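Okay, thanks everyone. I'd like to spend a couple of minutes on one helix and one residue. Let me put the structure up.

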Amino acid sequence: MLTVEVTAPTNIALVKYWGKHPKYQWLFIPTKSSVSFTLSSFFARTRLTVDAGNGGIDFTLNGQKANKGSSEFEYVESFFERIFSNYQFARKYSYCIESQNNFPTAAGFASSAAGFSALAFAFALAMSKVNIMDSLDDKTVSIVARLGSGSAARSIPSNGGMVIWHRGYDKASKATLVSKASYAETLYPPSHFAELAIICVKVSSEEKKIRSRAGMEESVRSVYDYWQWVEYEESTLLPLLLNAAKRKKWQALFKLTKQASNNFHSVCLRTTPPMIYLSDRSREIIEAIQFLPYAAYTFDAGPNAVVITLKDKTEEVEGLLKNIAGKHSTVVSGIGNGPREVRP
Ligand code: 2P0
């Protein structure tokens, strides 16, 4: 028996992942590359106990045992099925998982990214300790994490900071090679962004109505210009944003981040049936921030906002956000590093 314990951060996408390529659906290959910041204040802590067995899973999330058949349990179970088909040896063990998030689950703060990256990292760490997986490099582990939840791949690179998850399918055609080409890596470490601050704004802690996994599938299927959006962001918006980040042109970075968030929510709205993740409060935040040259908002599949601004504007921008969402609605986060092992 072996126990490992790890923490892994969540991440916030500036260029969003929203859809799996239909040809490689089961491998979680995204239709487009995405780019994120690794957040230091929101993370999952996971303890994994591995014992001799035959692939059995026991899963406790935030102190509550997940029942077989619940959606949480099914997400983890299907992750292990994908792991077992890639790593046959892993089926010879049983897995007891205890995971905790320090933020609301399924409310738009990418809880699955933190949870599955922690689980993937803990799995790889445990397998390396029992000497049956020799590779603990970021690339391999990000591919394992991707099989749990796409956005989790971006939480894996140990240097954190700004991370890109390559879509990979334009680099190869055989499924196994596409899978190897779709991994995440750090573009710039946290120190590159010393002038920036991130403000997370809790608008609601309710669980979202439509889970991302089902929602994105509907978007790929039903949005008439879905592939135009994908190719526009891949070939135009993404390179512009990376160039702005490289040259520390923050105003350009903020403008492109807002544009990418709007594009994503427009795709959600134009999905059949439509998905409206933003609330009236979210709209007020958009209106307050949209013309500020020194701040950007971005929203995931939920009403909570993440606002990126200059460190020396934090107080001013946080004041605006508190007026809209309430005195206790904001948490300022740094841009941080990837997962790490902690003492059990
Ligand atoms: C992102 N989101 O890039 C986007 C923006 C939500 C909106 O990645 O099916 O939970 O597990 O791969 O990773 C949420 O999707 O979906 C997500 P699966 P995931 O962060």
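I'll start with the helix and then move to the residue. Keep in mind that this is a predicted model.

So, helix H9. It runs over residues 314-325, which makes 12 residues. From its first C-alpha to its last it reaches 16 Å, close to the 16 Å expected at 1.5 Å a residue.

Which residues of H9 are buried? They're Thr314, Val317, Glu318, Leu321, Ile324 and Ala325. If you look down the axis of H9, these buried residues fall within an arc of 120°, so they line one face of the helix. The spacing fits the general rule: an α-helix has 3.6 residues a turn, so residues three or four places apart point the same way. Over on the other side of H9, Glu315 and Asn323 are exposed.

What do the buried residues of H9 pack against? There's helix H8, at 280-289, plus four strands: E8 (196-201), E9 (295-299), E10 (305-310) and E11 (330-333). And right after H9 comes Gly326, with a positive phi, near 110°.

Now the residue. Ile308 sits in strand E10, one of the strands that the buried residues of H9 pack against. Is Ile308 buried or exposed? Its relative accessibility is 1%, so Ile308 counts as buried.

Leaving out residues up to four places away in sequence, Ile308 touches Leu14, Phe37, Leu196, Ala197, Ile198, Phe254, Thr257, Tyr294, Ala295 and Ala296. And one more pair to look at: Ile308 and Ile199 are 109 residues apart in sequence, but 6.3 Å apart in space, C-alpha to C-alpha.

That's it from me.

Methods: Residues are numbered from 1 along each chain as its sequence is written. This is a predicted model: local features need pLDDT of at least 70, side-chain atom pairs count only at pLDDT 80 or more; totals for chains, interfaces and linings use all residues. Side-chain values use heavy atoms; hydrogens and water are left out. Helices (H or I, at least four residues) and strands (E, at least two) are DSSP runs, numbered from the N terminus. The expected span of a helix is 1.5 Å times one less than its number of residues. Buried means under 20% relative accessible area, exposed over 50%, partly exposed in between (1.4 Å probe, protein chains only). The arc is that of the directions from the helix axis to the C-beta atoms. Contact means heavy atoms within 4.5 Å.
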